[in-house]
Amino acid sequence: MIFHRLLVIFVAVLQVSPSSKWILELGDNFIDVRKDGGYWLVKFYTPWCGQCKRLEPIWAHVVQALKNTHVRVGKVDCTIFPNVGKAFDVTTYPTIKLVKADDDFTFEGEKTTEEIINFAIRMSGPPVQLVTRHESLTNIKSMNQLFFMYVGETEGLLWNTFYDIASKFQAHAFYYAASEEIARKHVDLHKLPAVFVHKENSHYVYSVAEGDNAIEAEHINDTMHKFINEERFESFPKITEANINEVLRTRKYIVIVVVEENKLLQVPKEMVEFRDSIKSLAKEKRHAYHDYFQFAWTNSHELANNIVMQIVPLPYLIVLNSTTLEHHVPDDDPVQMSPDAIEYFLKTILEGTAPVYGGDHLSMRLYRTYFKARTTLADRWKGNPVLTTVLLGLPLGFFTFILYSCCCANILDADEDEEEDLRHEKKD
Ligand SMILES: *[C@@H]1O[C@H](CO)[C@@H](O)[C@H](O)[C@H]1NC(C)=O
Ligand SMILES: *[C@@H]1O[C@H](CO)[C@@H](O)[C@H](O)[C@H]1NC(C)=O
């Protein structure tokens with residue numbers, strides 16, 4: 001009986017899924033429709049998840065922005081169409097994918113309007129976009145986006161390697177190619193062909209030492225991979241749960257400033273000052289630190305707590321070793337530290353004399369999983385208290401029932417009516 005009642009609640013919850021008329025709701029037939037070709041940006045969601053609710057206003061902007069492009073936008077309610085989610089290997093909600101006739105790509109960046117739109121634009125074009133007009137390059141630069149550019153004839157080893165890497169990392173950055181004539185108006189290049197990254201109004205050129213011919217292809221492949229991997233973030237990006245794995249792939253030490261941000265995305269003044277001081281260190285001393293450190297900031301207190309395994313005070317400074325996942329924290333209150341003291345702290349990390357905490361040992365990972373489970377549950381609770389109660393209550397109800405039937409079997413026997421009920425249900 002209890003079970004039936006719970007089921008009724010469960011179904012009722014499913015029916016109150018919010019729907020906006022102007023966002024295309026996709027169903028089971030999407031599995032076939034995609035084969036007709038074209039590009040689809042699809043959101044896989046469930047009505048009860050808190051993250052999905054938070055994405056809704058952002059998604060509305062994305063739909064608006066992509067209205068007049070060749071990318072069609074749709075969404076799939078995976079509680080009603082679980083087969084569609086399964087067909088695309090969706091396991092967490094919300095998941096955003098760019099879907100082509102025979103391929104699909106998962107969005108892994110921070111879920112902001114700008115990032116999602118950029119992802120859709122990038123993935124619906126060729127891996128390397130050709131810039132054929134001088135004004136286009138001016139436009140691209142004015143967008144303040146990080147991009148990689150190849151300059152020279154579109155043939156040969158350097159071009160092939162660039163194209164290959166662009167195809168692999170298309171989801172994460174913009175890749176362009178331009179002729180010498182167009183590029184020279186914007187950047188100083190000594191030797192062609194060349195590859196450079198443009199970020200924060202500066203450009204940094206990839207350089208390869210002349211190798212011996214036999215290993216040249218491999219050498220260029222390795223060094224260009226390394227260059228692009230290390231340069232694909234700005235000097236002080238924002239870190240979230242969504243992009244931290246990508247940032248860790250730089251294989252550097254990640255210096256993370258943790259601050260608090262309120263609902264209006266405002267950071268308290270003293271935290272801004274602290275964050276800015278680390279930001280200018282990252283920019284002004286790029287020559288000294290770029291090879292070893294990726295500076296970044298986050299407003300996710302939870303992320304910081306997950307790394308350090310305790311509730312950290314804010315603002316905070318953590319240096320994360322991207323290979324071992326061990327971390328370093330200064331002994332003193334970071335806000336009180338002078339720029340020199342911060343630099344000294346970084347120096348002790350490079351020298352291996354700074355104390356090391358945490359890491360990726362099994363016990364740590366277990367604890368991390370526990371921490372994650374707890375916060376996910378809290379998030380779900382915020383999203384839909386009724387469903388959480390049902391989800392938690394269901395196993396608890398069964399457990400109580402089993403316990404009841406085991407311990408009090410004789411009481412159950414005595415209760416004729418109850419047994420009648422059970423037998424009926426079994427026949428159904
Ligand atoms: C190029 O280098 C990357 C990473 O170093 C590697 O994964 C890839 O297999 C290499 N490609 C070729 C064609 O050697
Ligand atoms: C992380 O720790 C390992 C082991 O101590 C060390 O070899 C490595 O240089 C450290 N730094 C990074 C960025 O991996």
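How far is a nitrogen atom of ligand 2 from an N or O atom in the side chain of Tyr253? The distance is 3.1 Å, and the views below start from that spot.

This is a predicted model, where local features need pLDDT of at least 70, side-chain atom pairs count only at pLDDT 80 or more, and totals for chains, interfaces and linings use all residues. Residues are numbered from 1 along each chain as its sequence is written, chains are lettered from A and ligands numbered from 1 in the order in which they are written, and side-chain values use heavy atoms, with hydrogens and water left out.

**View 1. Ligand 2 and the residues around it.** Arg251, Lys252, Tyr253, Asn321, Thr323 and Thr324 surround ligand 2 (a residue is near a molecule or strand if one of its heavy atoms lies within 4 Å of it). By class, that shell holds 1 nonpolar, 3 polar and 2 charged residues (Ala, Val, Leu, Ile, Met, Phe, Trp, Tyr, Cys and Pro count as nonpolar, Asp, Glu, Lys and Arg as charged, and the others, Gly among them, as polar).

**View 2. Oxygen contacts of ligand 2.** The side chain of Asn321 puts an N or O atom 2.3 Å from an oxygen atom of ligand 2. For Thr323, a polar side-chain atom sits 2.4 Å from an oxygen atom of the ligand. Ligand 2 has 360 Å² of accessible area on its own, and the protein covers 51% of it (Shrake-Rupley method, 1.4 Å probe).

**View 3. Ligand 1 with its three neighbours.** Asn221, Asp222 and His225 are the residues around ligand 1. An N or O atom in the Asn221 side chain is 2.4 Å from an oxygen atom of ligand 1. Asp222 has a polar side-chain atom 3.5 Å from a ligand oxygen, and for the His225 side chain the N or O distance to an oxygen atom of ligand 1 is 3.3 Å. The protein buries 38% of the 360 Å² that ligand 1 exposes when taken alone.

**View 4. Lining of the second largest pocket.** Of the 25 residues lining this pocket, Glu115, Gln145, Glu234, Pro237 and Asn243 lie nearest its centre (on a 1 Å grid over the protein atoms alone, a pocket is an open set of points where a 1.4 Å probe fits, with protein on both sides within 12 Å along at least five of seven lines; lining residues have an atom within 4 Å of a point). Sorted by class, the lining has 8 nonpolar, 7 polar and 10 charged residues.

Note on methods
A polar contact is a pair of N or O atoms within 3.5 Å; within protein, one must be able to donate a hydrogen and the other to accept it, and residues adjacent in sequence count only if both atoms are side-chain atoms.
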